[in-house]
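Hi,

Here is the structure I promised to send over. Have a look at it first, and then read my notes underneath with the model open beside you.

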Amino acid sequence: MILVTGGAGFIGANFVLDWLAQGDEAVVNLDKLTYAGNLETLASLENDPRHIFVQGDIGDSALVDRLLAEHRPRAVLNFAAESHVDRSIHGPEDFVQTNVLGTFRLLESVRGYWSALLQEQKTAFRFLHVSTDEVYGSLSSSDPAFTEENKYEPNSPYSASKAASDHLVRAWHHTYGLPVLTTNCSNNYGPFHFPEKLIPLMIVNALAGKPLPVYGDGMQVRDWLYVKDHCSAIRRVLEAGKLGETYNVGGWNEKPNIEIVHTVCALLDELRPRVDGRGYKEQITFVTDRPGHDRRYAIDARKLERELGWKPAETFDSGIRKTVEWYLDNAAWVRNVQSGAYRDWVKKQYEAA
């Protein structure tokens with residue numbers, strides 16, 4: 001049995017689905033079900049006894065204590081986080097509450113549970129914390145990619161809150177001996193991605209005939225990681241990672257945002273051409289850049305390959321095609337997550353300059 005927090009969100013839900021597709025070890029899935037948590041993503045597990053879903057907050061110590069005592073997991077994987085940079089700029093307190101205070105309370109509950117285990121179980125137990133490359137700050141065009149040795153220089157309320165959570169996890173290992181592992185990943189993309197993020201937003205807006213909003217000059221560079229590759233990396237780190245260590249997870253796909261948008265448009269031109277015969281690129285609209293927008297992130301994932309033998313299975317070309325095809329095949333899922341609150345947010349955030 002493992003306990004997964006945030007398992008109805010984008011990365012967490014993909015992990016749960018992949019975990020149960022790989023084997024029969026059961027999952028207790030704790031998720032608060034905020035706007036980005038979506039049980040419809042887990043619909044295929046509705047009658048699966050291996051999946052136990054509990055709606056709740058990682059900051060609810062009584063609930064977490066009860067789940068740990070009742071289900072006795074051999075590992076806890078923490079995906080639960082507020083994760084959207086733009087939302088953190090407009091409302092940072094939610095990010096501090098979930099990512100900092102929530103992680104603290106989760107660590108304390110897990111520490112109490114772990115401390116009371118029999119020695120053999122204590123030795124085998126793991127707490128795996130899923131984090132982001134944004135904690136390292138921003139790179140210039142000539143800087144080498146982030147390694148695990150880079151100092152933390154977070155630039156947004158989101159990345160600052162995640163940096164704080166990483167430091168807490170590290171401290172609980174060094175102070176209390178809690179057997180922790182941390183992963184810092186690059187930008188994920190793939191199925192079930194909430195359509196506020198770049199790639200699904202472009203797909204959804206393109207199909208709806210709406211503008212494709214691109215921040216600033218569109219030359220912000222990110223390393224793109226297919227979400228199922230990320231899930232396989234986490235499984236490998238959980239299986240064989242060295243206690244107390246951090247592992248960077250990347251896709252070796254550094255690309256500027258505008259290139260990503262052009263690629264999505266070209267795939268849609270091929271797979272779902274506009275009825276008027278014109279290209280989707282005509283819908284691109286440049287909008288005012290967001291405050292403090294980091295220019296470049298890049299992950300050096302060689303430690304994970306060297307020590308644990310992991311590397312991504314997907315190229316960007318194969319992963320982005322699978323992603324676009326998934327959104328074309330799952331229009332009902334997209335419709336159901338686009339609530340009125342979501343539409344209001346997009347309008348507020350991406351009004352043309």
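Start with the largest pocket, which is lined by 17 residues. Glu148, Tyr152, Arg170, Gly244 and Thr246 are the ones that lie nearest its centre, so pick those out if you want to find the spot. Two elements give two or more residues to this lining: α6 (157–176) and β6 (180–185). Helix α6 has the largest share, with six residues. As for what kind of residues you'll meet there, the lining splits into four nonpolar, seven polar and six charged. The space in the pocket comes to about 400 Å³. Keep in mind that all of this is a predicted model, and the values are computed from it.

While you're at α6, click on alanine 164, which sits in that helix. Is it buried or exposed, or something in between? Alanine 164 is partly exposed, because its relative accessible area is 24% and buried would need under 20%. Its C-alpha atom is 9.7 Å from that of phenylalanine 104, although 60 residues separate the two along the chain.

Now for helix α4, which runs over residues 92–115. This helix has 24 residues and reaches 33 Å from its first C-alpha to its last, close to the 34 Å expected at 1.5 Å a residue. Where is the kink in α4 centred? It is centred on glycine 102, and the angle is about 30°. Glycine 102 is also one of the buried residues of α4. The others on that list are Phe95, Thr98, Asn99, Thr103, Leu106, Leu107, Ser109, Val110, Tyr113 and Trp114. Look at how those numbers are spaced, and remember this: an α-helix has 3.6 residues a turn, so residues three or four places apart point the same way.

Compare that with helix α1, residues 10–22. How many of its 13 residues are buried? The count is 11, so this helix is mostly covered. The buried ones are Phe10, Ile11, Gly12, Ala13, Asn14, Phe15, Val16, Leu17, Asp18, Trp19 and Leu20. For the length, 13 residues at 1.5 Å each should span 18 Å, and the end C-alpha atoms are indeed 18 Å apart.

Just ahead of that helix, glycine 6 lies in the loop between β1 (2–5) and α1. With a relative accessible area of 10%, glycine 6 is buried. For a sense of distance, glycine 6 and isoleucine 258 are 252 residues apart in sequence and 30 Å apart in space, going from C-alpha to C-alpha.

Next, the cysteines. How many disulfides are there? The count comes to zero. A disulfide is a covalent bond between the sulfur atoms of two cysteines. Why does cysteine 185 not have one? The closest cysteine sulfur, in cysteine 231, is 10 Å from its own, which is too far for a bond; the cut-off used here is 2.5 Å. Cysteine 231 is in no disulfide either, as its nearest cysteine sulfur is that of cysteine 185, 10 Å away. Both residues are tucked away from the surface by the numbers: cysteine 185 counts as buried at 7% relative accessibility, and cysteine 231 is buried at 0%.

Two residues have a backbone angle worth a click. Leucine 33 has a positive phi of about 60°, although it is not a glycine. You'll find leucine 33 in the loop between β2 (27–31) and β3 (51–55), and it is partly exposed at 23%. Tryptophan 252 likewise is not a glycine and has a positive phi, of about 55°. Tryptophan 252 is in the loop between β10 (246–249) and β11 (254–256), and with a relative accessible area of 44% it too is partly exposed.

Last, the cavities. There are two of 30 Å³ or more. The second largest holds about 50 Å³ of space. Which residues line it? They are Val85, Glu134, Ser156, Arg290, Pro291, Gly292, His293, Asp294 and Tyr297. By type, that lining divides into three nonpolar, three polar and three charged.

Cheers

Technical notes:
Residues are numbered from 1 along each chain as its sequence is written. This is a predicted model: local features need pLDDT of at least 70, side-chain atom pairs count only at pLDDT 80 or more; totals for chains, interfaces and linings use all residues. Side-chain values use heavy atoms; hydrogens and water are left out. On a 1 Å grid over the protein atoms alone, a cavity is a set of points where a 1.4 Å probe fits but cannot get out, and a pocket is an open set with protein on both sides within 12 Å along at least five of seven lines; lining residues have an atom within 4 Å of a point. Grid points are joined across faces, edges and corners, and a volume is the space filled by probe spheres set on the points. Helices (H or I, at least four residues) and strands (E, at least two) are DSSP runs, numbered from the N terminus. Ala, Val, Leu, Ile, Met, Phe, Trp, Tyr, Cys and Pro count as nonpolar, Asp, Glu, Lys and Arg as charged, and the others, Gly among them, as polar. Buried means under 20% relative accessible area, exposed over 50%, partly exposed in between (1.4 Å probe, protein chains only). The expected span of a helix is 1.5 Å times one less than its number of residues. The bend at a residue is the angle between axes fitted to the seven residues ending there and the seven starting there.
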